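Hi everyone, thanks for making the time this morning. I'd like to walk you through one structure, a few elements at a go, so let me bring it up on the screen.

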Amino acid sequence: MKGLEKGKGAPPMFACDCDGLFFPTTAEDIKKNILHHVMSFQGRDPQRAGESDIYKALAYTLRDTMVEKWIATQKASYAKGKKRVYYLSLEFLVGRSLGNSMINLGIYDAVQQAVEELGFDMDLLREEEEDAALGNGGLGRLAACFMDSIATLKIPAYGYGILYEYGLFNQQLIDGYQVESPDSWMRYGSPWVFQRDMPVFPVHFYGRVSTYLDADGNYRAQWLETEDVMALPCDILVPGYQNDHVINMRLWAARASRDIDLSFFGRGDYIGAVQHKVSSETISKVLYPPDHNLAGQELRLKQQYFFVAATLQDIMRRYKKKYSDFTMFSEIIAVQLNDTHPSIAIPELMRLLLDIEGLSWEKAWNVCIKTFAYTNHTLMPEALEKWHVGLLEEVLPRHMEIIYEINRRFLELVTLAYPGDIGKLRSMSIIEEGDEKKVCMAHLAIVGSHSVNGVAELHTRLLKEKVFKAFHQFFPGKFNSKTNGITPRRWLLKANPRLADLLINKIGPGWITDLNQLRGLESWADDMDFLGEWQAIKRANKERLAALIRKECGVEVNLDSMFDIQVKRIHEYKRQLLNCLHVITLYHKILRRPGLDLAPRTVIFAGKAAPTYWKAKLIIKLINSIAEVVNNDPRVGARLRVVFLPNYNVSQAEVIMPAADLSEQISTAGTEASGTGNMKFSLNGALTIGTLDGANIEIQEEVGAENIFIFGMTAEEAEFEKLNVSRTPMAIYRDNEEIAQTIDSIRDGSFSRGDKDLFRPLVDSLLDQHDPYLLLLDFESYLACQDRVNTAFLDPVAWSRMSVLNVARMGKFSTDRTIKQYAREIWGVPVNGEP
């Protein structure tokens with residue numbers, strides 16, 4: 001990354017930061033800092049230090065620099081009295097921090113030199129860092145990208161979540177099956193995490209509610225006899241790109257309100273004495289406990305309330321330093337709810353304003369609505385959280401009372417707008433009636449926020465027209481679209497340094513903070529020398545991924561083959577099974593028609609299935625079973641390989657994305673909210689095969705229909721088929737011999753060592769007339785589209801030109817653009833210090 005170092009021409013020892021602070025910028029000074037930290041922080045003899053010691057010392061060196069900048073950022077923000085943004089997310093899929101910090105601080109090359117002069121390999125040091133897997137997938141990775149863009153755009157903001165001791169599980173493949181084990185990423189601590197001793201906040205659960213009338217005759221409530229857990233703040237610093245602006249994610253860790261209960265201890269009940277401590281601290285132990293049973297549901301609810309309650313106390317602490325009433329609260333505080341998980345914040349803020357601060361309902365509700373904004377991330381009904389009323393009444397009794405009152409007042413307004421329309425009341429109620437009442441958290445988030453945004457244009461339209469149609473009609477103007485993005489600092493500058501260097505050489509470095517400047521690449525799309533460099537970079541990236549595949553899977557792959565990649569959470573709607581069907585069809589073609597002009601392919605899968613999602617786990621088994629057959633068939637040779645990379649995470653994605661030739665984005669139209677993997681692949685020069693779903697539509701609009709491979713039904717056509725079934729899967733099976741042979745080979749045990757029952761559930765779902773994901777109805781179109789892909793790949797010059805144009809036209813999909821929209825249209829905060 002030559003030419004990106006900050007501080008060229010600065011004094012030889014230290015560069016001066018704002019506010020008189022100093023930090024090392026030369027290789028020599030970075031070395032001194034590393035050796036200092038090896039001794040002072042780790043108590044190690046530098047001459048005996050290994051990779052782990054040097055990695056930690058380097059991390060502390062960078063953290064020191066970030067702390068100074070963070071303090072200066074905070075002081076400047078306080079001095080100017082700026083409005084602040086609080087981004088609440090149950091997930092932050094951070095990945096590794098070392099490389100990103102080096103780049104954003106502008107000392108990448110100096111650090112590289114320092115590490116080499118100390119006799120260490122930078123790539124090996126990077127491997128010492130555990131991925132901070134504090135998220136499940138796209139939701140958490142988007143939140144992490146947002147933090148990078150918020151810092152780069154100098155927006156005064158904080159991210160708030162939970163410091164999970166165990167992140168998303170480690171995935172192992174045993175006999176082709178997913179087996180989960182704990183991801184104890186914090187077992188040795190993390191140099192990137194500051195554990196603060198203050199402020200520590202109590203978070204209440206259970207108990208009872210006592211009501212009374214105050215001196216002015218107002219209804220008041222007290223939440224009594226609660227069980228308390230302490231929320232300990234832990235900060236991870238996020239530097240903006242070479243702008244001296246550093247923000248923090250504040251992640252809460254649960255601690256017992258006291259280490260042991262002495263009343264148990266005194267009676268000799270030693271287990272009881274520590275039981276409360278263990279139970280309390282379980283809250284921040286693990287990301288996403290299984291919620292198929294009551295205990296898991298209760299823990300999930302407690303996690304959500306725990307981080308929300310601590311966060312709002314922290315917000316109140318900061319606000320009350322300067323203000324004595326709440327007239328300015330929503331003028332200087334904006335709270336963004338990242339999906340429904342933090343929506344319990346709405347009744348919690350009401351509780352604080354009503355019960356603690358003594359505001360009237362009307363004033364408290366006015367503050368609440370102006371403060372909160374809600375981002376919806378899903379069209380899937382099962383992901384729109386609903387909590388059993390009985391569970392909420394037990395765990396958060398005061399909040400359930402407040403939710404009832406919010407609902408009562410809201411339904412009064414609905415009744416005025418739609419007199420006598422019982423159906424409208426039922427569909428819009430926050431409380432879902434039935435055998436067991438439930439609280440619809442998405443409804444609560446919509447009613448309690450001033451803005452509701454979708455994350456792609458199609459997604460937002462479906463929210464308005466289908467999922468929340470009644471709310472859109474009742475709240476005109478509240479719904480809006482903010483198409484997701486990705487940060488180019490991590491997903492191109494860091495993940496694909498060879499390509500980044502080429503871009504900087506040809507069009508300059510401006511694209512790093514203004515991705516629209518990639519348009520300058522279009523003038524190079526027909527330059528044969530440039531296309532040669534482009535192809536050489538892609539091959540080098542494929543070599544890197546091939547080495548990872550060799551290490552993790554023991555499979556040798558053909559570097560001349562098309563790297564056809566689908567990496568994402570394993571779910572039926574994402575249709576990895578459709579990809580499997582194409583692989584089997586391709587396998588059959590190679591065996592039956594060996595003379596066909598087929599481009600060699602390496603089909604690569606990665607992703608995790610939820611531990612209790614048995615069908616998704618069976619799809620993983622099928623992928624590995626197909627790989628076992630295909631990769632060991634000598635008739636296939638190097639023409640086809642199938643690989644499932646285990647334990648997919650951010651660091652693995654940074655190797656995979658730059659190596660991809662083809663990006664599989666094949667979800668059923670109308671099911672994917674946006675997707676960001678599609679953007680990461682395109683930004684790294686992969687061509688997309690996909691449906692008109694999520695952000696694929698907008699990618700097609702940007703790159704041009706001639707530079708993307710689109711197949712299948714539209715969202716409207718898919719909806720029609722679900723309701724009307726114009727053509728059944730069984731009819732397709734009977735009418736199309738190629739498809740029938742593909743399905744029969746799964747059914748007859750060809751990929752299960754003769755076991756005809758193993759994959760029967762998958763075959764049954766494919767042929768089910770009511771398959772909600774419409775795999776066979778899209779399969780013929782998918783096969784035809786894959787034939788177009790094959791033809792295009794056989795012309796390497798044309799393919800490379802399409803690849804260049806994809807990268808050149810990805811400017812829209814930067815989170816810098818997304819965050820500017822949030823800042824100006826929802827939060828009302830300036831960007832980059834503008835007035």
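Let's begin with a single pair of residues: lysine 386 has cysteine 440 in S19 as its bridge partner. Do keep in mind as we go that this is a predicted model. The strands around that pair are S17 and S19, the latter covering residues 438-440, and they pair in the antiparallel sense over three bridges. They belong to an open sheet of three strands, ordered S17-S19-S18, with antiparallel pairing. Strand S17 (386-388) and strand S18 (431-432) each have a single partner strand, so on one side each of them lacks a neighbour in the sheet.

Now for a second sheet. What is the strand order in the open sheet of six strands? Reading across, we get S24-S23-S22-S25-S26-S27, and the pairing is parallel. At its edges are strand S24 (640-645) and strand S27 (709-710), each pairing on one side only. Moving inward, strand S22 (residues 562-567) and strand S25 (residues 662-665) pair in the parallel sense, over two bridges. If you want a place to look, find aspartate 564, which stands opposite leucine 662 in S25.

There is also a helix to show you here. Helix H23 (residues 614-631) lies across strand S23 (601-606) and S24, and it runs at about 145° to S24.

Next up is helix H24, residues 650-659. How many of the ten residues of H24 are buried? Ten of the ten are, so the helix is largely enclosed by the rest of the structure. Its buried residues include Val650, Val655, Ile656 and Met657, but also Ser651, Gln652 and Glu654. The N-terminal end of H24 is capped by asparagine 649, with a side-chain oxygen 3.3 Å from the backbone nitrogen of serine 651.

Let me turn to a strand with a similar story. Strand S3 (residues 84-88) is mostly covered, with five of its five residues buried. Arg84, Tyr86 and Leu88 point one way from the strand, Val85 and Tyr87 point the other way, and all are buried. S3 pairs with strand S15 (residues 333-338) through five bridges, and the two run parallel. Within that pairing, arginine 84 has isoleucine 333 as its bridge partner in S15. S3 also pairs in the parallel sense with strand S6 (residues 157-162), this time over four bridges. There, leucine 88 is matched with tyrosine 160 in S6.

On to helix packing. Two packed helices are described by the angle between their axes and the distance between the axes. Take helix H22 (residues 576-592) and helix H29 (residues 737-747): their axes come within 9 Å and cross at roughly 105°. H22 and H29 are therefore roughly perpendicular to each other. From H22, the residues involved are Leu581, Ile584, Thr585, His588, Lys589 and Arg592, and they meet Glu738, Gln741, Thr742, Ser745 and Ile746 in H29. Sorted by class, that contact has three nonpolar, five polar and three charged residues.

Here is another pair. The axes of helix H12 (residues 361-371) and helix H14 (residues 397-417) come within 13 Å and cross at roughly 90°. That makes H12 roughly perpendicular to H14. On the H12 side we have Trp361, Glu362 and Trp365, which meet Ile402, Glu405, Ile406 and Arg409 in H14. This contact divides into four nonpolar, no polar and three charged residues.

Two single residues before I stop. Serine 803 is found in helix H32, residues 796-808. Is serine 803 buried or exposed? With a relative accessible area of 4%, serine 803 is buried, since the cut-off for that is under 20%. A polar atom of its side chain lies 2.6 Å from the backbone oxygen of glycine 685. Leaving aside neighbours within four places in sequence, serine 803 is in contact with Trp534, Gly685 and Leu687.

The other residue is isoleucine 697, which sits in helix H26 (residues 696-703). Not counting residues up to four places away in sequence, isoleucine 697 touches Leu458 and Leu692. From isoleucine 697 to leucine 591 we have 106 residues in sequence and 36 Å in space, C-alpha to C-alpha.

That's my tour, and I'm happy to go back to any part of it.

Technical notes:
Residues numbered from 1 in each chain as written. Predicted model: local features only at pLDDT ≥ 70, side-chain atom pairs only at ≥ 80, totals over all residues. Heavy atoms only, no water. Axes fitted to C-alpha atoms, helices over the stretch in contact; angles between N-to-C directions. Parallel < 35°, antiparallel > 145°, perpendicular 65-115°, else oblique. Contact = heavy atoms within 4.5 Å. Nonpolar A, V, L, I, M, F, W, Y, C, P; charged D, E, K, R; others polar. Buried < 20%, exposed > 50% of the residue type's maximum accessible area, 1.4 Å probe, protein only. Polar contact = N/O pair within 3.5 Å; in protein donor to acceptor, adjacent residues only side chain to side chain. Pairing = 2+ DSSP bridges.
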